Structure formats: structure tokens, C-alpha cells
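Colleague: Could you take me through a single part of this model in close detail? I should like to understand how its strands are arranged and paired.

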Amino acid sequence: MRVDTYKVVHWMNVRKMTTRQVAEAAGLDPGHLEEMLGVPGDGEWPDATTAAVARTLRIEPEKLGASGRRDLTVVTKTARELRDTRRPIQRDGIHFYNYYTMAAPPGAVAPVILDILCPAGRVPALNNGHLEPAITVNLGPGDIHGRWGVELDDTTWQVIKADPRDEAWIVGDSYVEPSYCPHSYSLASDVPARIVSYTGQSNLAGLLEDVNDWSEPAVRELLGRLGEDPSPLALTDVLLARRGHTLESAAAALGTSGEKLAAALDDGSADVLRELGSALGFDHRLLLRPERRHDAAGKTYRDVAECLRDVRSFRGYEVTSLAGAPHLPDLVGQYMRVTGDAGEALCEPAETHYLVTRGTVEIHWTAADGRTESAALDVDGTAWAAPFVTHRWSGDGALIKLGSGRHLSYLDLYELTNTYAAASTLRRGRRDGRSWGYDS
């Protein structure tokens with residue numbers, strides 16, 4: 001098994017164990033374990049050794065596995081390579097979709113392109129939805145019907161239009177959907193159509209993995225305390241109880257009454273919330289009501305006309321935003337127009353996916369060794385850029401750019417704003433090979 005020695009050292013520090021203690025408990029020679037840990041990064045370890053160390057650290061062996069992605073910067077896939085990923089899907093007794101997977105490193109979530117094959121005049125069978133929220137764009141050339149519910153109305157049965165003009169770089173309408181929103185698509189005419197769909201990373205995935213192992217009474221308590229739309233007062237009850245406070249005792253600590261504190265929570269009084277968080281030791285931003293902008297099915301829509309009104313210049317490119325929503329802040333997208341060699345460098349805070357929709361363009365990037373590399377892509381060529389990898393585009397064409405929350409997510413940024421000496425903490429934590437500090 002390929003083991004990441006940085007992960008081993010991290011778990012040794014978590015468990016407060018020295019190298020010798022781990023070796024002795026695992027039945028290994030201390031000198032040999034020290035030698036293996038002295039090789040930074042990935043190393044081939046015998047399965048028995050990995051299992052013994054993992055058992056000693058009380059974790060699954062997989063938690064020590066090397067990702068194999070340490071030096072990845074940009075991954076590209078040509079149009080032919082994209083077509084080679086074609087997977088036909090049968091549903092409702094017909095050939096329903098063809099799926100194609102865009103460029104991404106091994107193990108990463110990638111957007112998919114779908115040929116919409118369910119014919120016009122047929123209501124498409126719904127799927128069951130999925131945990132990950134998604135952003136979807138009609139690539140055209142034809143319009144499609146979207147379905148988001150059992151009962152059909154203006155919200156659950158809607159045409160997602162395309163811009164049929166040959167040179168259009170804003171190719172179609174887009175929308176974002178929440179977790180577990182059932183959805184499906186059919187053609188709106190005899191004109192063929194495709195979509196690109198990106199099911200971005202869900203920030204609830206880690207919690208749900210843990211909740212799978214919780215007892216039923218514990219889950220009932222969780223759901224009962226939060227409700228469908230956790231209110232500031234409900235969250236305050238959770239935060240205060242954790243700290244041995246009632247609303248009344250917390251109010252007394254601020255020199256006010258429980259009734260006035262409850263009213264301030266309901267009104268979203270930032271000054272009171274900040275004072276409460278500071279006094280009791282929690283982040284008051286949790287108690288600010290989130291902004292909501294979606295329809296009754298939970299989706300947020302943006303049509304071609306809205307995109308055209310929003311066209312702007314950005315670092316030598318023409319851009320306009322795809323659908324987006326404040327309650328899904330990590331899920332973002334843009335249309336981009338590339339003209340000549342005018343495009344400046346881009347450096348995104350999270351992984352970014354690109355799909356070429358018009359013309360021929362070239363991506364240039366800074367490789368791990370500092371050299372500049374490049375790749376030319378035609379229509380249906382795709383690219384993936386890692387977080388904070390400097391890259392730019394040249395040529396004559398258009399792109400769809402999609403991003404999700406695989407670092408830095410808004411929760412990462414939220415945590416970093418709370419972290420003492422954030423840059424120093426990240427600098428120390430990256431590839432940290434220091435032991436707990438009690439080895440002789």
C-alpha cells in the first residue's frame with residue numbers, strides 16, 4: 001500500500017504517541033519505523049505494517065493512504081478523449097441519455113455532459129436526486145424540458161432554452177439545484193440538445209458519513225433540534241446548552257433580559273450577536289440568517305437574456321455569470337470569451353473546470369517545477385485547474401467555467417478567518433513531518 005507519511009505523523013500527534021510507542025504497540029522495530037517515516041511523502045509499505053500501525057492509531061488503514069495527487073496542476077482532455085468516455089443510459093424503457101466525463105484528476109468529481117435523448121412530447125421519468133448540489137447549463141442547439149417534481153406546474157416543468165445562433169458564446173439558460181432535488185430532462189423539439197451538469201462537492205458529506213453510524217434516538221434529537229430551516233434561536237439553544245447556559249443566563253451575562261435577547265436574535269441585531277459570541281466563545285456569524293433566492297422546487301434559474309445584460313470585461317476576457325445562489329456559495333460558473341492573446345493570468349481559490357464551446361483556444365499554466373506549459377483545445381475539449389495554479393487562455397473561442405467547493409470552500413474560508421495566525425498554521429501543517437515532540 002502507498003502510505004502518506006505525513007498522515008501517519010499527523011495521527012501519531014493526534015493520539016499523543018511517540019514513534020517508539022507506536023512501534024512497540026504495533027510489534028515493529030522502532031528503528032525501521034523511524035526510517036520509513038523519515039522518507040517524506042508517499043512510500044510503499046507492506047500491508048501488514050500498515051495494518052499494524054493503523055490498528056495502533058485506532059483508525060482505518062485507508063486513512064493513511066497516499067492521494068497520488070500531490071503535484072497535479074492542470075489536467076486536459078481532448079474532444080476525442082471526451083467522446084471515448086461515452087456511457088449510454090437506459091431509463092423508462094428507452095435510450096435516455098449518453099454521459100461523457102470532463103477532465104479531472106483521479107478521484108476528483110468532474111462535470112458530465114449529457115446527450116438528451118428522451119423525445120419531445122414525453123414527460124421524462126424522474127431520478128431520485130443526489131446529495132451534491134448541481135449547476136446545469138443547456139449547451140444546445142435545441143431547447144429542452146426540465147422536470148423537478150411529480151406534479152407538473154410552472155416550477156416543476158420548465159423549458160431550458162438554448163441560444164441557437166451559430167456564433168453565440170452564451171449558449172443557453174442555466175440553473176442550480178439543491179441536495180436531493182429529483183430532476184430529469186427531455187427534448188423540447190426535434191432539434192438535438194446537450195447539457196453540462198456539475199454535481200459539486202457537498203459540505204454535508206462528512207457529517208452524513210458520521211450520522212450513518214449514529215443511533216436512531218440521536219438522529220431524532222438532531223433533526224428535532226434543527227428543523228427544516230434552523231432558526232437563530234434554535235441554533236442559540238444548541239450553542240448555549242453546550243456552554244452550560246440558558247437564554248436567561250446568557251442574557252444576564254450581557255446585562256439584559258431573556259426576552260430582549262430573543263428579540264435581538266429574531267431581528268438579527270449584529271451588535272448584540274457579536275457581543276454574545278464574544279462573551280460566550282462562539283462565532284456570532286452562525287446566528288445571522290442566510291440569504292435565500294430560489295423557487296418552490298429549490299432551484300435558482302438564469303436565462304440567456306440575463307446573461308447578456310451582465311456581460312463585462314475581466315482580466316482581458318469577456319465574461320458573464322451562470323446561475324448562482326447565496327445558499328450554495330461554492331457552486332459558481334461563468335461564460336468566458338477568449339480573444340487573441342489578451343487574456344491575463346487567472347488564479348482561483350478552488351478547483352476549476354473548463355469546457356470549450358466555440359473555436360480553438362489554448363490554456364497556459366505554471367507547472368509544479370515552475371515551467372510554463374500549454375495545451376490547445378477545440379470544441380468539447382476540457383480542462384481542470386487545481387486551486388491557486390496560475391493559468392490563462394489565448395486563441396479565439398469561448399468556454400464554460402465551473403467551480404465547486406473542493407478547497408477553498410466557503411467553510412474553509414470561514415474557518416481560516418477564525419484561525420489564529422492563519423498563514424503560519426497552514427505553512428506548518430502542509431506536509432508536516434514533525435513528531436509529537438517527545439521522541440528522544
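Modeller: Two strands are taken to pair if DSSP finds at least two bridges between them. The model is predicted, and the part chosen here is an open sheet of three strands, in the order β9-β8-β11, with antiparallel pairing. At its edges lie β9, residues 157–160, and β11, residues 184–187, each of which pairs on one side only. Neighbouring strands of this sheet are turned against each other by 30° on average, with direction ignored. Strand β8 covers residues 144–147, and four bridges join β8 to β11 in the antiparallel sense. One residue of this pairing can be followed individually: I144 has L187 of β11 as its bridge partner.

For context beyond the sheet, the aromatic side chains may be considered. Four aromatic pairs are found in a search of the whole structure. One of them joins Y97 and Y99 edge-to-face, with 5.8 Å from centre to centre and 90° between the planes. Y97 is buried because its relative accessible area is 3%, under the 20% cut-off. Y99, by contrast, counts as partly exposed at 21% relative accessibility. Another edge-to-face pair consists of Y354 and W393, whose centres are 5.0 Å apart and whose planes meet at 65°. This pair links distant parts of the chain, with Y354 in strand β17 and W393 in strand β20, 39 residues apart. Both Y354 and W393 are buried.

Ring pairs also link F96, Y97 and Y99 into a cluster. R91 lies over the face of F96, at 4.9 Å from the ring centre.

Note on methods: Residues numbered from 1 in each chain as written. Predicted model: local features only at pLDDT ≥ 70, side-chain atom pairs only at ≥ 80, totals over all residues. Heavy atoms only, no water. Helix = DSSP H or I, 4+ residues; strand = E, 2+ residues; numbered from the N terminus. Axes fitted to C-alpha atoms, helices over the stretch in contact; angles between N-to-C directions. Phe/Tyr/Trp six-rings, centres within 6.5 Å; stacked < 30°, edge-to-face > 60°. Buried < 20%, exposed > 50% of the residue type's maximum accessible area, 1.4 Å probe, protein only. Lys NZ or Arg CZ within 6 Å of the ring centre and 35° of its normal.
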